[in-house]
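Colleague: Before I use this model, I would like to hear the reasoning behind the terms applied to it. Please take me through them.

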Amino acid sequence: MDLQFLGTSSGVPTKARNVSATAVIESTGHGWYLVDCGEGTQHQLLHSSLSMRDLRGIFITHVHGDHCFGLPGLLASAGMSGRQEPLPLVLPDALLGWVRQSLAVSETFLPFELQLQALETFKGFSAGNVEVSTIELSHRVPSWGYVFDERDPAPRLDTARLKADGIPAGPLWGQLAHGLAVPHEGRTLEPRDYLQPTRPPQRIIVCGDNDRPELLAELAQGVDVLVHEATFTQPVVERSQTTFGHSTAAQVARFAEAAGVKNLVLTHFSARYQPTANGRGNSIAEVREEAMAHYSGHLTLAQDLQRYHLGRDGRLEALDKA
């Protein structure tokens, strides 16, 4: 699977970073899922290769505006782009009325079905070759993380079983290979019965705001990728005497080391952390240095519009922006 960050700033945008939005992209390269939708997300998408027609679902982690204020505009743009497929939207119950009201008062009529689901009663979701579940986190308001589990990764036809079941080679095999159920001699052949994964399934966890990384202890054990906020560094928190419900880079890094997280991605950086300090404020390098002091795995500080690929070797690598 791939990740592409459409916004990595906390609270307010900066000249280099937009507010929170993260795309999780299927290993097929087509279907994708959006976690959070801060203001300006639709504009960020214009600088990516992601299509609104391939979007399989939107998942909002909590009610704060830097995670959801981009929703009405994004939905309107999806309609004007010609999307007609239903679009699942999972978000806190408190935001359901706001979304409906925003669309109604702006007379935005969507040409597709918007399938609204309250996060508090969300029981899971599957599309393409991905299953999505949730984990409750800790913040000033209720906040969740989303767990993306791959199903049948890079599937290959089980030709031995096809032959044993008397299914002749030809178009039927091709349809099954593309994940389609097909009728044959009075019964339906299900692709899951004839497809074998060629590598272990991948798991990616994308968290909302969270000041207690230990809540992820069970799910994150040995996880392929953990995307977690690192809003502050420890010295900043010590000076202000509060975390505002967020985690520090050191706090997340210590947890990731203990949990054996293979790839740790930090994001949601306070606007005080600039690309270079230049004698004014803090540098993003401070976040990296603090995390590296506590974590020995593969560390990434997310950058806006950067796409990252989780390879067969289990390492998350940045792709060329071209």
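Modeller: In this predicted model, buried residues make up 52% of the 322 residues in the chain. The accessible surface of the chain comes to about 14,800 Å², and 50% of that belongs to carbon and sulfur atoms.

Colleague: What makes the chain as compact as a globular protein of its length?

Modeller: The chain has 8 helices and 23 strands. Its radius of gyration is 21 Å and the globule rule gives 20 Å for 322 residues; the two are close, so the chain counts as compact in that sense. The C-alpha trace spans about 75 × 50 × 40 Å along its principal axes. Of the contacts between residues at least 6 apart in sequence, 63% join residues at least 24 apart.

Colleague: Why is Asp66 called buried?

Modeller: The cut-off for buried is under 20% relative accessible area. Asp66 has 13%, so the term applies.

Colleague: Where does Asp66 lie, and what is it in contact with?

Modeller: Asp66 is in the loop between β5 (55–59) and α2 (71–80). Apart from neighbours within four places in sequence, Asp66 is in contact with Ser10, Gly11, Val19, Ser20, Gly38 and His268. A polar atom of the Asp66 side chain lies 3.0 Å from the backbone nitrogen of Gly11. An unreviewed UniProt entry places the feature "active site" at Asp66.

Colleague: How many disulfides are there, and where is the cysteine sulfur nearest to that of Cys37?

Modeller: A search of the whole structure finds 0 disulfides. For Cys37, the nearest cysteine sulfur is that of Cys68, 8.6 Å away. A disulfide needs two cysteine sulfur atoms within 2.5 Å, so Cys37 is in none.

Colleague: Why is Cys207 not bonded to Cys68?

Modeller: The closest cysteine sulfur to that of Cys207 is in Cys68, and at 18 Å it is too far for a bond.

Colleague: Why do Cys37 and Cys207 count as buried?

Modeller: Both values fall under the 20% cut-off: Cys37 has a relative accessibility of 0%, and Cys207 has a relative accessible area of 10%.

Colleague: Which residues of helix α7 are buried, and what covers them?

Modeller: In α7 (residues 249–259), the buried residues are Ala249, Ala250, Val252, Ala253, Phe255, Ala256 and Ala259. Their cover includes β16 (225–229), α6 (234–240), β17 (263–267) and α8 (284–292). After α7 comes Gly260, with a positive phi near 70 degrees.

Key: Residues numbered from 1 in each chain as written. Predicted model: local features only at pLDDT ≥ 70, side-chain atom pairs only at ≥ 80, totals over all residues. Heavy atoms only, no water. Buried < 20%, exposed > 50% of the residue type's maximum accessible area, 1.4 Å probe, protein only. Helix = DSSP H or I, 4+ residues; strand = E, 2+ residues; numbered from the N terminus. Contact = heavy atoms within 4.5 Å. UniProt positions renumbered as here; feature names shortened; annotations may be inferred. Polar contact = N/O pair within 3.5 Å; in protein donor to acceptor, adjacent residues only side chain to side chain. Rg over C-alpha atoms; globule rule 2.2 N^0.38 Å. Areas by Shrake-Rupley, 256 points an atom, 1.4 Å probe, with all protein chains shown as cover.
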